[in-house]
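Here are some short exercises to work through with the model open in your viewer. Try each task before you read its solution.

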Amino acid sequence: MWFFNLRIYNMRAIVLDGFGGFDKLVYKDIPKPEPLPGHVVIQIKAFGVNHAEMHMRRGEWAENAEVIGLECVGLVDACPGGEFPIGAKVAAMMGGMGRTINGSYAEYVVVPTHVVTLIDADLPWAELAALPESYATAWTCLFRNLDIQKGQTLLIRGATSAFGQAAINLAVDAGLNVIATTRRRERFPALEALGVTRCEIEGPELSKRLAESGKVDRILDLVGNSVIVDSLSMLPRYGRACIAGWLGGLDPVKDFNPLAQMNSGVYLTFFASFHFGLPDFPLSDVPLAEIARKVAAGRFPAKPARIFKFEDIREAHRVMEANEAGGKMVVVVD
């Protein structure tokens, strides 16, 4: 009887055993989360792997929970308030996941209802898991922060990342002319296959090489602080730039003098995906179910670049740290 109860009330999880290398990701049996009012218990079927989790493992993030993991897809196991039916297919992300509350590196998670959304597209779990963080963040940056419009020219810096590829798919589908950057020329064909107008080699002085410099309508900067001043110098009056990543490192912006380096009327904005789950950023604001249906219909090529088993989380982190993925990595929980 004791073993029977253990199977019901305990679950497998990947916990942080201190900070450092891959060996700090340790498998452990911990209590299955209890249902709470205003919350949903999700049986996790798959989850995405994100660079933020690498920084958490290293101890470079401001806060983290014992179980990290910012996003997941799965089935509703319990929902005391009835906001979601038991057995419904859902996605969840942020709202403190992996930071202030245990996250998705486990068989179950309990999260607030406002970080959960239905995602009923006919896709395998691994493909559904490639969508939440990348597409919700890309959609918010493009359609909220940058207010993109059909016919505009959009520059995406750091486009071969999973986030960058999601942004390309959304922007091309919306009728924009997309210029994409990457540090490696051999990745041009993959980006061109997504429908970009042209590819450029990423670098700190791209503004001096880009023919459209001074005429780009919108810039989604995923390289971040190390090149944002260069990005801003390319925008005409009323142009917009959004920082949404740190692929170029976490160091602060250097020598920033807006009056000397930007055209009058240029907008600088930013979005960090950990804002999802705050009152002003409910996940329901993003049409994630519609995006998933477009993926299922073949409108967006959004398959994960690498799929790992639950037992292979250390290898997933190694691939991420070595920048070998070439797109979104996901872990399937059997």
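**Exercise 1: two loop residues**

Task: locate Tyr238 and state its backbone phi and its exposure.

Solution. Tyr238 is found in the loop between α7 (228–232) and β12; helices (H or I, at least four residues) and strands (E, at least two) are DSSP runs, numbered from the N terminus. This is a predicted model, in which local features need pLDDT of at least 70 and side-chain atom pairs count only at pLDDT 80 or more, while totals for chains, interfaces and linings use all residues. Residues are numbered from 1 along each chain as its sequence is written, and side-chain values use heavy atoms, with hydrogens and water left out.

Next, take phi: Tyr238 has a positive value near 70 degrees, although the residue is not a glycine. Most residues other than glycine have a negative phi. Finally, Tyr238 is partly exposed, with a relative accessible area of 48% (buried means under 20%, exposed over 50%, partly exposed in between; 1.4 Å probe, protein chains only).

Now treat Asp147 likewise. Asp147 sits in the loop between α4 and β8, has a positive phi of about 50 degrees, and is partly exposed at 32% relative accessible area.

**Exercise 2: the sheet**

Task: write down the strand order of the six-stranded open sheet and find its edges.

Solution. The order is β10-β9-β8-β11-β12-β13, with parallel pairing (two strands pair if DSSP finds at least two bridges between them). The edges are β10 (198–201) and β13 (267–270), each pairing on one side only. Looking at one pair, β9 (residues 177–182) joins β10 over four bridges in the parallel sense, and Ala180 has Cys199 of β10 as its bridge partner.

**Exercise 3: helix α2 and the pocket**

Task: describe how α2 is covered and what it gives to the largest pocket.

Solution. Start with burial: six of the eight residues of α2 (residues 51–58) are buried, among them Met54 and His55. The cover includes β1 (10–16), β2 (25–31), β3 (39–49) and α10 (313–321), judged by contact, meaning heavy atoms within 4.5 Å. After the helix comes Gly59, with a positive phi near 85 degrees.

Then turn to the pocket, an open set of points on a 1 Å grid over the protein atoms alone, with protein on both sides within 12 Å along at least five of seven lines; lining residues have an atom within 4 Å of a point. The largest pocket is lined by 49 residues, and those nearest its centre include His51 and Trp246. With five residues, α2 gives the most to this lining.

Methods
On a 1 Å grid over the protein atoms alone, a cavity is a set of points where a 1.4 Å probe fits but cannot get out, and a pocket is an open set with protein on both sides within 12 Å along at least five of seven lines; lining residues have an atom within 4 Å of a point.
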